[in-house]
Amino acid sequence: EDLFYLMGIDQALWRDAHLTQRVKAQRKEHRKYQWQEEGDILLYDGRRHFIILARSLLIPFGLLAIVAALYAAMRGLDIPVSILTAAIVGIVVFIPALIWFVVDYFNDYFVVTPLRVTAREKIAFIYEHRLEAPLDQVQDTTLLTSFWGKLLNYGDLRIKTANAASQIVFDHVGNPTFVQS
C-alpha cells in the first residue's frame, strides 16, 4: 500500500516500471490465512468496529481509575501508602487487562472470498471457533443496526446458508452495507 501511495505522488517516475500490475497480482495471490486455497483472494477482510475495542478498553481503564481512587482515599484517611505501591498495583492490574482485551479484539476476524464466507472467534489459550460456508450456499443476508450502529456505521450481518442449522454472524462489523454487498 505504501508503494501505491508513492506511485500516486509522481506517476511519471513509475510509468515505465510496470510494477502496478505485478504488485496487485502478488497482493491478490498472497495467502494471509492457512485455510486459504490457491487463488482464494480476499474480497473482504475485517474485524469488529473499533468502537467495540474502545468499549472493551473501558474495563482496564476503569480498574486503573479504581486503583487511583483507592490511593486518593487512603491518602485522605492518612493511611500510609506510597505512590510507588499504588503505581505497581495499577500496572499489575492495568497492563495485563489492556493486553488481554487488545489481543482478544485482533484475534477475531470476518472474511469473504470468492469461495467462502468465514468468521473466527478466538479467546487466547481458551477457545477458538471458525464458522465457514461456501459462498454458493449463501441464501440470504440480513443487516441489523441499532441507533448507535447507524450513527457510527456498524451493525450485525447475519448470513443464512443452505444448511438450515447454520448461520454465520458478522457482529458489530464496520461499514455493514459494503460487506453485505
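Leaving aside its neighbours within four places in sequence, which residues is L135 in contact with? I began my notes on this predicted model with that point.

**Entry 1: L135.** I located L135 in the loop between strand 4 (127–134) and strand 5. Beyond its sequence neighbours within four places, I found L135 in contact with T113, P114, L115, R116 and V117. I then looked up the pair L135 and R116: they are 19 residues apart in sequence, and their C-alpha atoms are 4.5 Å apart in space. The relative accessible area of L135 is 32%, so I entered this residue as partly exposed.

**Entry 2: the sheet.** I next followed strand 5 into an open sheet of three strands, which has the order 5-6-7 and antiparallel pairing. Its edge strands are strand 5 (138–144) and strand 7 (167–174), each of which pairs on one side only. I noted that neighbouring strands in this sheet are turned by 20° against each other on average, with direction ignored. Strands of a sheet pair through backbone hydrogen bonds. Between strand 5 and strand 6 (residues 154–161), which run antiparallel, I recorded six bridges. I also noted that D140 stands opposite K160 in strand 6.

**Entry 3: a surface patch.** Which residues make the nonpolar surface patch of about 620 Å²? I listed I59, L63, I66, L70, M74, L77 and I79. Of these I looked up L77, and I placed it in the loop between helix 4 (50–76) and helix 5 (83–107). Is L77 buried or exposed? I entered L77 as exposed because its relative accessibility is 63%, and the cut-off for exposed is over 50%.

Methods. Residues numbered from 1 in each chain as written. Predicted model: local features only at pLDDT ≥ 70, side-chain atom pairs only at ≥ 80, totals over all residues. Heavy atoms only, no water. Pairing = 2+ DSSP bridges. Helix = DSSP H or I, 4+ residues; strand = E, 2+ residues; numbered from the N terminus. Axes fitted to C-alpha atoms, helices over the stretch in contact; angles between N-to-C directions. Patch = residues over 30% accessible without salt bridge, like charges linked within 9 Å, V, L, I, M, F, W, Y side chains within 5 Å. Areas by Shrake-Rupley, 256 points an atom, 1.4 Å probe, with all protein chains shown as cover. Salt bridge = Lys/Arg side-chain N within 4 Å of Asp/Glu carboxyl O. Buried < 20%, exposed > 50% of the residue type's maximum accessible area, 1.4 Å probe, protein only. Contact = heavy atoms within 4.5 Å.
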